[in-house]
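User: Please take a close look at the pockets and cavities of this protein. I would also like to hear about the charged pairs and any nonpolar patch on the surface.

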Amino acid sequence: MFGRIDHIGVAVEDIDAAMALYEGSFEMALAHRETVDSQGVEAVLLDVGEGHVELLRPLGPDTPVGKFMAKNGEGLHHVAYAVDDIDATLERIAAAGVKLIDTKPRIGIRESRVAFLHPRSTGGVLTEIVEPAGGH
Ligand code: CO
């Protein structure tokens, strides 16, 4: 069902400071930078082989990532798996009894379609599934 790990999401207070680590020290190539209003974040994607690291800066304290950071501070936020057909995958996951945060996909970074599963159903790991635009 899951094709591969698409990215890991990392919550950061300052994108440019985080880029100094990931792009500077770790020498990952910057792939994309975008403000995603539907998720309340400014996001940066960096390449790691076929996968990515997604740096997330909350646009405000009332956003999902803002609330996460108020509770946990900076750090690992979610893992995202790539799927070919997010609608079919969501149906199968829901049928398996997993609670969903998003019952319908929404638009994520780079025009992808994304949905989050509830961490209460996934052993505390916030899990995202993503159908990349144009199927990269
Ligand atoms: Co993500």
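Analyst: What follows starts with the empty spaces and then turns to the surface patch and the salt bridges. Keep in mind that this is a predicted model.

Start with the largest pocket. Its volume is about 510 Å³. The lining counts 22 residues. Nearest the centre lie Pro64, Phe68, His77, Ile101 and Leu126. Helix 2, residues 64-72, gives six residues, the largest share of that lining. Strand 5, residues 75-82, also supplies at least two. By class, 13 of the lining residues are nonpolar, six are polar and three are charged.

Now the enclosed space. The count comes to one cavity of 30 Å³ or more. The volume of the largest cavity is about 60 Å³. Its lining is made of 13 residues, and Gln39, Glu54, Gly108, Ile109 and Glu128 are the closest to the centre. Three strands each give two or more residues to this lining: strand 4 (51-58), strand 7 (113-117) and strand 8 (127-131). The class split is seven nonpolar, four polar and two charged residues.

Next, the surface. Ile5, Ile8 and Leu76 form a nonpolar patch there. Together they have about 280 Å² of accessible area. Ile5 belongs to strand 1, residues 4-11. Ile5 counts as partly exposed because its relative accessibility is 46%.

Then the charged pairs. The whole structure holds seven salt bridges. In one of them, Asp6 pairs with Arg4, with the closest N and O atoms 3.6 Å apart. Asp6 has a relative accessible area of 5%, so Asp6 is buried. Arg4, at 21% relative accessibility, counts as partly exposed.

Another salt bridge joins the side chains of Asp87 and Arg113, at 3.0 Å from N to O. This pair links distant parts of the chain, 26 residues apart: Asp87 sits in helix 3 (residues 86-95) and Arg113 in strand 7. Asp87 is partly exposed at 36% relative accessibility. Arg113 is partly exposed too, with a relative accessible area of 26%.

Arg106 and Asp102 form a further salt bridge, and their closest N and O atoms are 3.1 Å apart. Arg106 is partly exposed, with a relative accessible area of 25%. Asp102 is at 10% relative accessibility and therefore counts as buried. Finally, there is a network: Asp16, Arg33, Glu42 and Arg57 are joined by salt bridges that share partners.

How values were computed: Residues numbered from 1 in each chain as written. Predicted model: local features only at pLDDT ≥ 70, side-chain atom pairs only at ≥ 80, totals over all residues. Heavy atoms only, no water. 1 Å grid on protein atoms, 1.4 Å probe; cavity = no way out; pocket = protein on both sides within 12 Å on 5 of 7 lines; lining within 4 Å. Points joined across faces, edges and corners; volume = space filled by probe spheres on them. Helix = DSSP H or I, 4+ residues; strand = E, 2+ residues; numbered from the N terminus. Nonpolar A, V, L, I, M, F, W, Y, C, P; charged D, E, K, R; others polar. Patch = residues over 30% accessible without salt bridge, like charges linked within 9 Å, V, L, I, M, F, W, Y side chains within 5 Å. Areas by Shrake-Rupley, 256 points an atom, 1.4 Å probe, with all protein chains shown as cover. Salt bridge = Lys/Arg side-chain N within 4 Å of Asp/Glu carboxyl O. Buried < 20%, exposed > 50% of the residue type's maximum accessible area, 1.4 Å probe, protein only.
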